[in-house]
Amino acid sequence: MPLAVCATPIGNLEDVTLRVLAELRAADVVLCEDTRRTSILLGRYEIRARALLSNHLHNEERRIAELVPRLLAGERVALVSDAGLPGVNDPGSRLIRAALDVGVVVTVLPGASAVETALVVSGLAGAQYRFLGYFPRRERERASLWEELATWPHPSVGFESPKRVSATLASLARVAPDRPVAVCRELTKVHEEIARGSATELAERFVQPPRGEVTVVVGAAEKAGSDAAREQALEAVTRLVASGATRRTAADVVSGLTGQSRKKLYDASL
């Protein structure tokens, strides 16, 4: 039987797919990051796992040694994490590689993604994006990241601890105050919050650590443009305002289409 890599909800338990529920019911083993978190999902859909085992940083090697022979013997294993798809910034990638190395088929049952959800709701999405994992903890490493992204022409998405959101935003604001940013908190949950603005604006807004899980989207670097391009963008903002759009909305829309600084467009249109 294949190793089934199952995406689980990132917040709202109703976001689980029918395929994942069927796999969890049929599995001989449900391998999860935290048995307590997975038990909540199983209980919500009245699923009684035949075996529920933990798989995390401290026992991953032991689990691989235990489960690869069981997979080869034909047992059905469903791999899940606390939220989202296992193997991306979560435990599971080592088991997946080990299974593939011995010829076990690996199948992925896709589902909710905090990265793509945040990217779309930020309004900063484009044809490409870069996933950063967790933002660096140290200021020197943050500075290196901002330097690397200074000319990156696409948005970037990363996870951040609520305790470090303030420091990360303040660090970005010091080097790129006008960079568009979205802070996406508690995605798909009851208290979901999406805050959009420049790095400076959000650094001022999140002086105190927020609660819950946070995903941060950093917009594309401003495209270098001629004075004529900037004038055309400003004219577009003016026309949208004249048509009834709010100045902030007009600046957001034109900034997304042209790459010009939203704040500069807004200020210049006053």
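This passage walks through a predicted model of a single chain, from its overall build down to a few individual residues.

Start with the big picture. The chain has 270 residues, and 44% of them are buried. Its secondary structure comes to 11 helices and 10 strands. Laid along its principal axes, the C-alpha trace covers about 70 × 40 × 35 Å. The accessible surface adds up to about 14200 Å², with carbon and sulfur atoms holding 52% of that area. Contacts also link far-off parts of the sequence: if only pairs at least 6 residues apart are counted, 70% of the contacts join residues at least 24 apart.

Next comes the inside. In soluble globular proteins, nonpolar side chains tend to be buried together. Here, the largest nonpolar core is made of 20 residues, and Leu-169 and Val-183 have the most contacts within it. Five elements are listed as giving two or more residues each to this core: helices H6 (139–149), H7 (165–175) and H8 (199–205), along with strands S8 (180–185) and S10 (214–218). H7 supplies the largest share, with 4 residues. Looking past its neighbours within four places in sequence, Leu-169 is in contact with Val-181, Val-183, Ala-199, Leu-202, Ala-203 and Phe-206. So the two residues with the most contacts inside the core, Leu-169 and Val-183, also touch one another.Now for a pair of helices. Two packed helices are described by the angle between their axes and the distance between the axes. For H3 (residues 60–72) and H4 (residues 93–101), the angle is about 35° and the axes are 10 Å apart. The crossing of H3 past H4 is right-handed. On the H3 side, the residues that meet H4 are Glu-60, Glu-61, Ile-64, Val-68 and Leu-71, and their partners in H4 are Ser-93, Arg-94, Leu-95, Ala-98 and Ala-99. Sorted by class, this contact has 6 nonpolar, 1 polar and 3 charged residues.

Glu-60 deserves a second look. This residue sits in helix H3 and counts as buried because its relative accessible area is 6%, under the 20% cut-off. Leaving out residues up to four places away in sequence, Glu-60 touches Asn-55, Pro-91, Gly-92, Ser-93, Arg-94 and Leu-95.

Two residues catch the eye for their backbone angles. Most residues other than glycine have a negative phi. Asn-89 is not a glycine, yet its phi is positive, at about 65°. Asn-89 lies in the loop that runs between strand S4 (77–79) and H4, and with a relative accessible area of 37% it is partly exposed. Glu-186 also has a positive phi, near 55°, and is likewise a residue other than glycine. Its place is the loop between S8 and strand S9 (193–198). At 16% relative accessibility, Glu-186 counts as buried.

Last up is Thr-117, which is found in helix H5 (residues 114–122). Its relative accessibility is 29%, so Thr-117 counts as partly exposed. Setting aside residues up to four places away in sequence, Thr-117 touches Ile-10 and Leu-187. Thr-258 is 141 residues from Thr-117 along the chain, and the C-alpha atoms of the two are separated by 23 Å.

Methods: Residues are numbered from 1 along each chain as its sequence is written. This is a predicted model: local features need pLDDT of at least 70, side-chain atom pairs count only at pLDDT 80 or more; totals for chains, interfaces and linings use all residues. Side-chain values use heavy atoms; hydrogens and water are left out. Axes are lines fitted to C-alpha atoms, for helices over the stretch in contact, and angles run from 0 to 180 degrees between N-to-C directions. A crossing is left-handed if the near helix is turned anticlockwise from the far one by less than a right angle, and right-handed if clockwise. Contact means heavy atoms within 4.5 Å. Ala, Val, Leu, Ile, Met, Phe, Trp, Tyr, Cys and Pro count as nonpolar, Asp, Glu, Lys and Arg as charged, and the others, Gly among them, as polar. Buried means under 20% relative accessible area, exposed over 50%, partly exposed in between (1.4 Å probe, protein chains only). Accessible areas come from the Shrake-Rupley method with a 1.4 Å probe; for residues, only the protein chains shown count as cover. A nonpolar core is a set of buried Ala, Val, Leu, Ile, Met, Phe, Trp, Tyr and Cys residues joined through side-chain atoms within 4.5 Å.
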